[in-house]
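Me: Please take a close look at one part of this chain for me. I am new to structures, so keep the sentences short.

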Amino acid sequence: MKRDGKLSGVLHILLHMAELDEPVTSDDLSKIMDTNPVVVRRLMAGLREQQYVQSVKGHGGGWTLACELVDLTLLDIYQAVGSPGLLAMGNRTEAPGCLVEQSVNAALGKTFDEAEQLLLRRLGEVTLASLSADCHHRLEAKGISLKAKRNRHGLQS
C-alpha cells in the first residue's frame, strides 16, 4: 500500500525555505520535491490558510515563511496538509455480522485509536526549529553546507 508523503514533502520544503532570505517560487520548490509546481501550490495552500507561509505574485515574488519555526509543530503542519491517514491498516469490514470479526474489530479499533493519539501527541511535541537544528547537525557532521544542498536542488545561493 502506498504511503502518503505530503507531510514529509512539506517539511522538506519548509526547512529549505527557512534557510532562504528571499521568496522562493513554486517552480524552485517543485525541484526540491521532484514534482510539478501545481502540486507545490496545492500543498502550500493549506499552510497559507493557516498563515504559516505567505506568497507574493509577480517578479521577485514567491513563498516565504510567515511564522517562527519554534512556534510551528509537526502537528500544525500535519493538520494544515489535511490530516492524511496515519495508519495504513484497518478493519476488513466496518459492520460485520460475525461475532468473531466484531471482537477483532473492537480490539484493533482500540489499539489503532491509542496509537494514533500517541503519534499525534508526539507530532505536537516536535517543532520545526528542533527539526531544523537536527538537519544542521547532520549537514555539519558530513561537512556539507546547506547552500551546497540548495544548489543541488537547483535553487540559487
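Reply: What follows starts with one loop residue, then turns to another loop and to the cysteines.

The model is predicted: local features need pLDDT of at least 70, side-chain atom pairs count only at pLDDT 80 or more, and totals for chains, interfaces and linings use all residues. Residues are numbered from 1 along each chain as its sequence is written, and side-chain values use heavy atoms, leaving out hydrogens and water.

Start at D34. This residue sits in the loop between α2 (26-33) and α3 (37-49). Helices are DSSP runs of H or I, at least four residues long, and strands are runs of E, at least two long; both are numbered from the N terminus. D34 is not a glycine, yet its phi is positive, about 55°. Is D34 buried or exposed? D34 is exposed, at 75% relative accessible area. Buried means under 20%, exposed means over 50%, and partly exposed is in between (1.4 Å probe, protein chains only).

Now go to S83. Its loop runs between α4 (74-80) and α5 (99-125). S83 is not a glycine either, and its phi is positive, near 50°. With a relative accessible area of 35%, S83 is partly exposed.

Last, the cysteines. How many disulfides does the structure hold? The count is zero. A disulfide is a pair of cysteine sulfur atoms within 2.5 Å. For C67, the nearest cysteine sulfur is that of C135, 17 Å away. For C135, the nearest is that of C67, at 17 Å. C67 is partly exposed, at 24% relative accessibility. C135 is partly exposed too, at 25%.
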